[in-house]
Amino acid sequence: MSTGDEEPGSGRGDSDDEADGGDNERVAGNDYPWRSMQGRKLRAMREIKTVTILSQLLQSQYMRCNTLQSVMWIFLHSCNTPEKVIKVLTRMGISVSLTSIHRAIHSLKSECSTDIQRLGRTLSASYAYDNFNVKFSTRSPTVDSSEDSMVHLTSGTLIRLEHGVTEDDLRCADELWNKSSNNLHAKNPIPFLPYQTLQFLHTLHPEDHDNSAPRLTRQGLFRLYLFKKTLFRYGPQYFKDLQQSLAAPDPVEQIPVCKAH
């Protein structure tokens, strides 16, 4: 006859506990990446706060120890932060003063202007222009100030010609202008022939036609490379594992990459 009591370690109660424990373990296992990410964010925030506090203490004792403050004023100036906010952050020791910011901006503008003039005199630079629009928003528009606040501007960029380009390499400009059909005073104008120009471009790097060993042209090899790259990146997992084995096509006349000044 059953008395209604269950022995320890047996019965439905233990099975429910085990089921709950298994679910908790599974939840904890699935929750681990989230907890790890949260932990990294908390550690990063603690490091940021520690660096900020130490920088404030050092800057209060020694004015020239202002690395953090110098980085902050560049960020604040790029975000067009109001001067009142900058003054508050200066009092807190997080940014440099407005006077220092204006002095630094004026110094940078003077140096950039001098560098641009010096680069332009070398005659070995190219000019790039770009149109852009700026919209100035008004806090309280009125009937008198209802005109369009959109300003249309043009920016100019001076780019130094790299890869050993000298002024002597650019002395062909006069000859090209004398042969241009757009020059009304050209001595020997030559009309622009698109098809002939394309034929000249094809002869710059002629293909090595070897009938004994048929192979794809450079254009075909480049198309094959793009096809494999797309297949390996967006295809099934089997193809994604082959990305490391994909080699770039052989360069014909590669222009080295250099840092722009």
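No disulfides are present in the structure, which is a predicted model. A disulfide is a covalent bond between the sulfur atoms of two cysteines. Two cysteines illustrate the solvent exposure of such residues here. Cys 112 has a relative accessibility of 44%. This value lies between 20% and 50%, so Cys 112 counts as partly exposed. Cys 258 has a relative accessibility of 39%. Cys 258 therefore also falls in the partly exposed class.

Open space in the model was examined next. Rolling a probe the size of a water molecule over the atoms shows where empty space is left. The largest pocket has a volume of about 410 Å³. Its lining consists of 17 residues. Nearest the centre of this pocket lie Arg 215, Arg 218, Leu 221, Pro 249 and Asp 250. Nine of the lining residues are nonpolar and seven are charged. One polar residue completes the lining of the largest pocket.

The second largest pocket encloses about 280 Å³ of space. Its lining includes Leu 176, Lys 179, Ser 180 and Ser 181. Ile 190, Pro 191, Phe 192 and Leu 193 also line this pocket. Gln 196, Thr 197 and Phe 200 complete the set. Helix α6, spanning residues 194-202, supplies three lining residues, the largest share. By class, the lining of the second largest pocket has six nonpolar residues and four polar ones. A single charged residue makes up the remainder.

How values were computed. Residues are numbered from 1 along each chain as its sequence is written. This is a predicted model: local features need pLDDT of at least 70, side-chain atom pairs count only at pLDDT 80 or more; totals for chains, interfaces and linings use all residues. Side-chain values use heavy atoms; hydrogens and water are left out. On a 1 Å grid over the protein atoms alone, a cavity is a set of points where a 1.4 Å probe fits but cannot get out, and a pocket is an open set with protein on both sides within 12 Å along at least five of seven lines; lining residues have an atom within 4 Å of a point. Grid points are joined across faces, edges and corners, and a volume is the space filled by probe spheres set on the points. Ala, Val, Leu, Ile, Met, Phe, Trp, Tyr, Cys and Pro count as nonpolar, Asp, Glu, Lys and Arg as charged, and the others, Gly among them, as polar. Helices (H or I, at least four residues) and strands (E, at least two) are DSSP runs, numbered from the N terminus. A disulfide is a pair of cysteine sulfur atoms within 2.5 Å. Buried means under 20% relative accessible area, exposed over 50%, partly exposed in between (1.4 Å probe, protein chains only).
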